[in-house]
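Got your viewer open and a cartoon view ready? Here is a walk through one model, stop by stop, with something to select at each.

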Amino acid sequence: MDLYWLTQAVAYWSLVLFFIPPYYIKKLMLFSFLGGFVYTWIVQIFAVNILKRWIFEADIFMIYNIPVFFSISWFAVTTIFGYLLWRFSSYQIWIVIFFALWATFMNLTAVSLGRISLPGWSIPETFMFAIFSHVLLLYVFKYMHHVNTLGANEEMFKDSFMGFRKR
């Protein structure tokens, strides 16, 4: 048995504990659990068991052919995602792009290490689905935590590029 997904989960949770103040971790738990753990499980059940789009290699702890620590690691990533949206909502475009790229890169890494195979899926599809997932999570976060600056608005692009302007 391999420990890849356990190692990833430990690394991601270490980032959560290192970068996010405990106050925010507590406030983000429901969002992170629903968006990072439950949503990940739903996607994996459909993709792995129903649609057969990808296959995980055997891991230390699997349920329904899905590594449990895979979902636990995305629980942590969703906590980081929520924290960044909360603290830096004017950069929501960059945050969504970063996390979509992160998900795509981690998928590519898992494929190259032989931890997952993609018989009915591709890396570009991963990126497109990651954009969809993170925009969906952004709106869930917006409504759960009443962050009115999130989501589509007329100033969204202007705000996201304001850091590039010379002062």
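The tour takes in three helix pairs and then a cavity. Keep in mind throughout that this is a predicted model.

**Stop one: α1 and α4**

Select residues 4-19 for α1 and residues 92-112 for α4. Their axes lie 13 Å apart, and the helices pack at an angle of about 155°. An angle over 145 degrees counts as roughly antiparallel, so that is what α1 is relative to α4. Look down through the pair and you'll find a right-handed crossing. Now show side chains: Y4, W5, Q8, Y12 and L15 come from α1, and they meet W102, M106, T109 and A110 of α4. Colour that contact by class and you get seven nonpolar residues, two polar ones and no charged ones.

**Stop two: α3 and α4**

Keep α4 on screen and add residues 68-87, which is α3. Here the axes are 10 Å apart and the packing angle is about 165°, which means that α3 also runs roughly antiparallel to α4. This crossing is right-handed too. On the α3 side, pick W74, V77, I80, F81, L84 and L85; on the α4 side, pick Q92, I95, V96, F99, W102, A103 and M106. By class, this contact has 12 nonpolar residues, one polar and no charged. Don't hide W102 and M106 when you compare views: α4 uses them in its contact with α1 and again in its contact with α3.

**Stop three: α2 and α5**

Next, select 22-50 for α2 and 123-145 for α5. The two axes come within 11 Å and cross at roughly 145°, and the crossing is right-handed. From α2, show K27, L28, L30, F31, L34, G35, Y39 and V43. Facing them from α5 are F129, F132, S133, L136, L137, V140, F141, M144 and H145. The class count here is 13 nonpolar, three polar and one charged.

**Last stop: the cavity**

How many cavities of 30 Å³ or more does a search of the whole structure find? Just one turns up, and about 430 Å³ of space lies in it. To centre your view, select Q44, F70, W74, A103 and F129, which are the closest to the cavity's centre among its 26 lining residues. Some of these you've already met: W74 and A103 take part in the contact of α3 with α4, while F129 belongs to the contact of α2 with α5.

Which helices supply the lining? Switch on α1, α2, α3, α4 and α5, since each gives at least two residues to it. Colour the lining by class to finish: 16 nonpolar, 10 polar and no charged residues.

Notes. Residues are numbered from 1 along each chain as its sequence is written. This is a predicted model: local features need pLDDT of at least 70, side-chain atom pairs count only at pLDDT 80 or more; totals for chains, interfaces and linings use all residues. Side-chain values use heavy atoms; hydrogens and water are left out. Axes are lines fitted to C-alpha atoms, for helices over the stretch in contact, and angles run from 0 to 180 degrees between N-to-C directions. Helices (H or I, at least four residues) and strands (E, at least two) are DSSP runs, numbered from the N terminus. Angles under 35 degrees count as roughly parallel, over 145 as roughly antiparallel, 65 to 115 as roughly perpendicular and the rest as oblique. A crossing is left-handed if the near helix is turned anticlockwise from the far one by less than a right angle, and right-handed if clockwise. Contact means heavy atoms within 4.5 Å. Ala, Val, Leu, Ile, Met, Phe, Trp, Tyr, Cys and Pro count as nonpolar, Asp, Glu, Lys and Arg as charged, and the others, Gly among them, as polar. On a 1 Å grid over the protein atoms alone, a cavity is a set of points where a 1.4 Å probe fits but cannot get out, and a pocket is an open set with protein on both sides within 12 Å along at least five of seven lines; lining residues have an atom within 4 Å of a point. Grid points are joined across faces, edges and corners, and a volume is the space filled by probe spheres set on the points.
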